[in-house]
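Colleague: I would like a close look at one part of this model, taken slowly enough for a first-year student. Please begin with the whole chain and then narrow down.

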Amino acid sequence: MESNNVNVDPLELDKFSQLAHRWWDPNSEFKPLHEINPLRLNYIDRFAQLAGKTVLDVGCGGGILSESMAERGAEVTGIDLGDKALKVAKLHLLESGKQVNYRKIAVEELAVEQPHHYDVVTCMEMLEHVPNPASTVRACAQLAKPGGWVFFSTINRNPKSYLFAVIGAEYVLNLLPRGTHDYAKFIKPSELARMARAAGLDVEEIIGMTYNPITKVYALEADSDVNYIMVFRA
C-alpha cells in the first residue's frame, strides 16, 4: 500500500484530506457534489439497475455516492486512499444507518484481489487527480464482471473547460476551493475512450453535465465540453 507504485499523488490526497471533515456539509466546498449526486445516481441506476447488484465505488471520498447507491439496494464497497475521508464515510454510516463496506486500498491492488467481481464499477471525479489515469481505467475494467457496467466521470480538456471548471468554478463563482483542478490533467473523451478500449471496455454512452450559474441548476445533457460521464460495458 505504501509502495512507490501506488497510483496516487500525495499532494492531491492531502488537498482533499484537509477538507474531509466538511464532506457531508451540503453548504461546504462539497456543495456541488451534493447537488449533482441525484443526477448521477439516477443516471447510473437507469443503466445498471442497482438493486441487488454488487457495486464498487472507486475514490469514494466521504461516501456521498456510495451511500446513495446502497440506499437503492446495491451491495456497495467504497475504496479510497484518504484516511480522513474514509473515517468521515464510516462515521456517517452511524448516522445514516446505511450499509457500505469501506476499505483503504488502491484500485490496482483490489483488481488483483477481486478480478471480475463487481456488477457495477463507478469512478467519479478521480481520473483527473491521479498520475496515471490509464492504470485506474485498466484496474476498473479488471474489477467488472463480463457484461458489467463501468462509469467514469471527469473533465474535458479544452479552452471552454479551463474557463468554466477552473476560472469560473474556482475563481469567479467560488463553487470549489482554488487549486482543486489542474488543467493539464483534464482528459478528453477521445482519450478516455482510447484508454478504456485498450482495457477491453466498450463505450456505451457519453453525457455532459452542465451548470447554469444564473439558475444554479445542474443538468445532464449532450454538451460534454466541460464535465462528462462516460458509460462502458465490460
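Colleague: What does the accessible surface of the protein chain come to, and what share of it belongs to carbon and sulfur atoms? After that, please stay with Ser 66 in helix H3 and tell me what surrounds it.

Modeller: This is a predicted model. The accessible surface of the protein chain is about 11000 Å², and carbon and sulfur atoms account for 53% of it. The chain has 234 residues, 51% of them buried. Its secondary structure consists of eight helices and eight strands. Of the contacts between residues at least 6 apart in sequence, 70% link residues at least 24 apart.

Now to the part you asked about. Helix H3 covers residues 64–71, and Ser 66 lies in it. Seven of the eight residues of H3 are buried, so little of this helix is left uncovered. The buried ones are Ile 64, Leu 65, Ser 66, Glu 67, Ser 68, Met 69 and Ala 70. A helix has 3.6 residues a turn, so residues three or four places apart point the same way. In H3 the buried residues follow one another along the helix from Ile 64 to Ala 70. What covers them includes helix H2 (31–48), strands E1, E2, E3 and E4, and helix H4. After H3 comes Gly 73, which has a positive phi near 100°.

Ser 66 has a relative accessible area of 0%, which is why it is classed as buried; the cut-off is under 20%. The side chain of Ser 66 makes a polar contact of 2.7 Å with the side chain of Asp 57. With neighbours within four places in sequence set aside, the residues in contact with Ser 66 are Asp 57, Cys 60, Val 76, Gly 78, Val 100 and Tyr 102.

Several of those residues belong to the strands beside H3. Asp 57 falls within strand E1, residues 54–58. Val 76 and Gly 78 fall within strand E2, residues 75–80, while Val 100 and Tyr 102 fall within strand E3, residues 100–104.

These strands are paired. E1 and E2 run parallel and are joined by five bridges, with Val 55 bridging to Val 76 in E2. E2 and E3 are also parallel, again over five bridges, and there Gly 78 has Tyr 102 as its bridge partner in E3. E2 thus pairs with E1 and with E3. Five of the six residues of E2 are buried, so the rest of the structure largely encloses this strand.

The helices complete the picture. E1, H3 and E2 form a right-handed β-α-β unit. E2, helix H4 (residues 83–96) and E3 form a right-handed β-α-β unit as well. Ser 66 therefore sits, fully covered at 0% relative accessible area, in the helix of the unit made by E1, H3 and E2.

Elsewhere, the largest nonpolar core holds 30 residues, and those with the most contacts inside it are Val 58, Val 121, Phe 152 and Leu 192. E1 is among the elements that supply at least two residues of this core, and helix H6 gives the most, with five residues. A second, separate core has 28 residues, including Leu 50, Ala 74, Leu 93 and Ile 207.

How values were computed: Residues are numbered from 1 along each chain as its sequence is written. This is a predicted model: local features need pLDDT of at least 70, side-chain atom pairs count only at pLDDT 80 or more; totals for chains, interfaces and linings use all residues. Side-chain values use heavy atoms; hydrogens and water are left out. Helices (H or I, at least four residues) and strands (E, at least two) are DSSP runs, numbered from the N terminus. Buried means under 20% relative accessible area, exposed over 50%, partly exposed in between (1.4 Å probe, protein chains only). Contact means heavy atoms within 4.5 Å. Accessible areas come from the Shrake-Rupley method with a 1.4 Å probe; for residues, only the protein chains shown count as cover. A nonpolar core is a set of buried Ala, Val, Leu, Ile, Met, Phe, Trp, Tyr and Cys residues joined through side-chain atoms within 4.5 Å. A polar contact is a pair of N or O atoms within 3.5 Å; within protein, one must be able to donate a hydrogen and the other to accept it, and residues adjacent in sequence count only if both atoms are side-chain atoms. Two strands pair if DSSP finds at least two bridges between them. A crossover is right-handed if, with the strands pointing away from the viewer, the path from the first strand over the helix to the second runs clockwise.
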